Amino acid sequence: MGDPDAAADSACVTRAKALLVAALLVLAVVPGATAAPARSTSLTAWCAQYATNLPAHSLATSLICPAAPKQVAVQGQTQLASLNSQIASAINNFRRAHGLVPLRVSRQLNASSLQHSQEMGAKGYFAHNSANGTLWWKRIRHYYPQGHNTYWTVGENLLFATPTIEADAAMKMWINSPAHLANLMNPVWRNLGVSAVHVVNAGGVYGGATVTIITTDFGARH
C-alpha cells in the first residue's frame, strides 16, 4: 500500500486543514452457502500532523450486528446539497476520463453517507465505524441491503476540512492518496452516495472548530 506518511504529506498540500480515510469490503455469496464477508482490509491515509495521534482502522467480521443509528436532523449542521452534486459529478468525470463507467447516485447510499456525516459531526469523532460500534459496512448494508443479489460490495472515502473545502480540492486529496484513488477507480462500482455537512463548533476531535465533513459511499450488487 506504500508509505502512508508520504501519501499523507501529498494529501495535505491544500489551504484547508483536512483529514481523510478510505475503506473497502467485498461480500460474495455462493448459492447454498452461508453468507459471510470476505477477508477485508482497511487502507488508510492520514495527513502528516495526525499520523502519530490517530490509529489505523482494522475491519473484521462480527457475529453481533448492533442496529444502525436512526438518521436524525442535527442542530448546528447544514447539509451541503450543492457540494454533494459537485463531488458526484467530479467523481464521474474522473472515472470517464479513465475509461470507467460513471456511477448512478443511489438514494440508499445517500442516506447511509448522510447518517454517518451527521453522526461524526454531532459526536465529535472521525472514523468509518459508528459511535455505537457498528462496523462501517454494516451501517451501509442497513441502508443498501444485499437483498437477493449474489454479489455485494461497498467502499467508503471520508474527509473533513476546516472550515470548508471545494469539490476539486477534495478530489485532489483523494487522488493523491493511493487508498482513496483505489476507491475512485474501482471498476466494479455502480452506485454512489455523497453527503457533506457543515458543522459549526464541532466538538471532540474537531476541537470546537467549524468543519465540513464528507462521507462518500460506493457500492455494487448483482
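A residue is taken as buried when its relative accessible area is under 20%. By this criterion, six of the eight residues of helix α4 (residues 136-143) are buried in the predicted model, so the helix is largely enclosed by the rest of the structure. The buried positions of α4 are W136, W137, K138, R139, I140 and Y143.

Over the whole protein, 49% of the 222 residues are buried. The exposed surface amounts to about 10,300 Å², of which carbon and sulfur atoms supply 56%. Six helices and six strands are present, and along the sequence they follow the pattern α-β-β-α-β-α-α-β-α-α-β-β. Among contacts with a separation of 6 or more, 76% are between residues 24 or more positions apart.

Helix α3 (residues 107-123) was examined next. In α3, 12 of the 17 residues are buried, so this helix too is largely enclosed by the rest of the structure. The buried set consists of L109, A111, S112, S113, L114, Q115, H116, S117, Q118, E119, M120 and G121. These residues pack against β2 (77-79), α4, β4, β5 and β6. At 1.5 Å a residue, a helix with the 17 residues of α3 should span 24 Å, and the end C-alpha atoms of α3 are 24 Å apart, which agrees. The N-terminal end of α3 is capped by S106, a side-chain oxygen of which lies 3.1 Å from the backbone nitrogen of Q108. Just after the helix, G124 adopts a positive phi of about 70°.

Within α3, S113 has 0% relative accessibility and therefore counts as buried. The side chain of S113 forms a polar contact of 2.9 Å with the side chain of S195. Beyond its neighbours within four places in sequence, S113 is in contact with G193, V194, S195, T215 and D217.

A second buried polar residue, N157, is located in strand β4. The relative accessible area of N157 is 0%, and the residue is therefore classed as buried. The side chains of N157 and N183 make a polar contact at 3.0 Å. With neighbours within four places in sequence set aside, the contacts of N157 are V21, A22, W174, H180, N183, L184, I214, T215, T216 and F218.

In soluble globular proteins, nonpolar side chains tend to be buried together. The largest nonpolar core in the model comprises 24 residues, and those with the most contacts inside it are I87, I91, L159, I165, W174 and I214. Two or more residues of this core come from each of β1 (17-28), α2 (81-97), β4 (151-162), α5 (167-175), β5 (191-199) and β6 (211-221). Helix α5 gives the most, with six residues. The surroundings of I214 include both nonpolar and polar residues: leaving aside neighbours within four places in sequence, I214 is in contact with L83, I87, S117, N157, L158, L159, I165, A170, W174, V194, S195 and A196. Apart from the largest core lies another, of 15 residues, including M120, Y125, F126 and F160.

Several of these descriptions share residues. S195, the polar partner of S113, is also in contact with I214. N157 likewise contacts I214, and M120 of the 15-residue core is one of the buried residues of α3.

Conventions: Residues are numbered from 1 along each chain as its sequence is written. This is a predicted model: local features need pLDDT of at least 70, side-chain atom pairs count only at pLDDT 80 or more; totals for chains, interfaces and linings use all residues. Side-chain values use heavy atoms; hydrogens and water are left out. A nonpolar core is a set of buried Ala, Val, Leu, Ile, Met, Phe, Trp, Tyr and Cys residues joined through side-chain atoms within 4.5 Å. Buried means under 20% relative accessible area, exposed over 50%, partly exposed in between (1.4 Å probe, protein chains only). Helices (H or I, at least four residues) and strands (E, at least two) are DSSP runs, numbered from the N terminus. Contact means heavy atoms within 4.5 Å. Accessible areas come from the Shrake-Rupley method with a 1.4 Å probe; for residues, only the protein chains shown count as cover. A polar contact is a pair of N or O atoms within 3.5 Å; within protein, one must be able to donate a hydrogen and the other to accept it, and residues adjacent in sequence count only if both atoms are side-chain atoms. The expected span of a helix is 1.5 Å times one less than its number of residues.
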